[in-house]
Amino acid sequence: MSSESVDHGGAQNIQIHQGRRLPDFLNSVNLKYVKLGYHYLITNLLKLCLIPLMALIVIEAYQMNPDDIHQLWLQLQYNLVSVIVFSAVLVFGSTVYIMTRPRSIYLVDYSCYKAPDHLKVKYQKFLDHSRLTGDFDESSLEFQRKILERSGLGEETYLPEAMHSIPPRPTMAAAREEAEQVIFGALDNLFANTNVKPKDIGILVVNCSLFNPTPSLSAMIVNKYKLRGNIRSFNLGGMGCSAGVIAIDLAKDMLQVHRNTYAVVVSTENITQNWYFGNKKSMLIPNCLFRVGGSAVLLSNKSLDRRRAKYKLVHVVRTHKGADDKAFRCVYQEQDDIGKTGVSLSKELMAIAGGALKINITTLGPLVLPLSEQLLFFAALVAKKLFNAKVKPYIPDYKLAFDHFCIHAGGRAVIDELEKNLQLLPVHVESSRMTLHRFGNTSSSSIWYELAYTEAKGRMQKGNLVWQIAFGSGFKCNSAVWEALQNVKPSPSGPWEDCIDTYPVRITTHDGD
């Protein structure tokens, strides 16, 4: 999903500049520590209540003499049948639990594709090529210039080879070439980093919304890497920028059924055959935002892989608003008045995304939020419903639940709105803004570039929780929660390997034009 506002004013700066004036510590710091103390008290309430009980048990045990211990042993001997029955039930129950509990899903490693330098596209080159095609009038060219300048994209994003040609080559052959370069590039790096043989892959899930040739992209991968004949392969199309989380969810379900195997999830989008060559403003925005990118993720349900895995999958929450007509049509592929095909973005897109987000986090909240935040939310809800009090709805502090946020880099407006609505700090959306700046909107793979940014910065510590959240056509909002199993270091040949030291950068937009 992508959306950009062309009406906002003021320059965007994601770096924090400390002023000389000191803050009001009496109001800010005291309230902060009161809330942290409340959060700690509620979170550890059970443990605190158990301390007196444990102390009482220790005191009683300390006061027992040898005669008391002998009497206890005699009672157990007299009730031998009861002890045996209890032990058998305990063993049977434990066995049933171990056999039927959901298998842990481990993320062994992942790889993000980085295109060669000759595919980089600067603003001016983009505009010059758009003019030379002869398909855009002056109004459309000016509109694209304004979108680019307000987008948050930098000067080093990538477009496929076919779009660098004059005239462009939106052919099937060129689209296949783009797909092969991106998908095979990500998979080659993944297999090299994990030392997993392609023949060991039991499940393959590929998602690409707008390019679905025959044979499928999943069949293309099977052919390239000579995957085994009984592989469970799936090809997801038309599901938008949130399809990466959907693909993870599908792979997770398959790994619950098929024991002791690996699953590969490939997420990408194809630009070559989906460039819009018309003048309808709502269909020109994707041209300005979408760029080349893709990811490959290796999942495992093998208990032995926990030692080397980077993350464990904790939750997946999916929200679908397709039953609502406005939501269904807010991101819509269609032909314009003169028959040129493109993806149209509705003016109501941000409002619809906000509604989908609200439903998604309402479901996710009870799974991840500490009890302290849930009690505050419930208290505010009761006060509003029962007493008709004029109180603002309490927005839970998701910073207490998650250490890192990977918000789909659909556009600057998307990141701005989530930062505001979730009350996040600039550092929490840094990975999203920098991914948008360096790679553009890479669709469903953007959340993996963001995770790679966090790793490259050395911020991912063992036990940290990561929230990946993505939006897509349909309209969908999907979340995935991961737990770091180690102090995660970036994998070799990562997308940020040669540029992480230059980030974060100051993002300048030209909203005043």
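**Exercise 1. Sort the residues lining the largest cavity into nonpolar, polar and charged: how many of each do you get?**

Solution. We're working with a predicted model here.

- Step 1: Go through the lining of the largest cavity and count by class. You should end up with eight nonpolar residues, four polar ones and one charged.
- Step 2: Look at the middle. The lining has 13 residues, and those closest to the cavity's centre are Phe126, His129, Ser130, Met163 and Trp275.
- Step 3: Ask which helices contribute. Both α5 (123-133) and α7 (161-164) supply at least two residues each. The top contributor is α5, which gives five residues to the lining.
- Step 4: Put a volume on it. The largest cavity comes to about 130 Å³, and the count of cavities of 30 Å³ or more is five.

**Exercise 2. Find the strands that pair with β2 and say which way they run.**

Solution.

- Step 1: Start with β4 (residues 262-268). Six bridges tie this strand to β2, and the two run parallel. Along that pairing, leucine 204 sits opposite valine 264.
- Step 2: Now take β3 (residues 232-236). Here five bridges make the pairing with β2, again in the parallel sense. Isoleucine 203 faces arginine 232 of β3.
- Step 3: Trace the chain between β2 and β3. The path goes through helix α9 (residues 217-225), giving a right-handed β-α-β crossover.

**Exercise 3. Is strand β2 largely enclosed or open?**

Solution.

- Step 1: Use the cut-off for buried, under 20% relative accessible area.
- Step 2: Check residues 201-207 of β2. Seven of the seven are buried, so the rest of the structure largely encloses this strand.

Notes
Residues numbered from 1 in each chain as written. Predicted model: local features only at pLDDT ≥ 70, side-chain atom pairs only at ≥ 80, totals over all residues. Heavy atoms only, no water. Buried < 20%, exposed > 50% of the residue type's maximum accessible area, 1.4 Å probe, protein only. Helix = DSSP H or I, 4+ residues; strand = E, 2+ residues; numbered from the N terminus. Pairing = 2+ DSSP bridges. Right-handed = clockwise from strand over helix to strand, strands pointing away. 1 Å grid on protein atoms, 1.4 Å probe; cavity = no way out; pocket = protein on both sides within 12 Å on 5 of 7 lines; lining within 4 Å. Points joined across faces, edges and corners; volume = space filled by probe spheres on them. Nonpolar A, V, L, I, M, F, W, Y, C, P; charged D, E, K, R; others polar.
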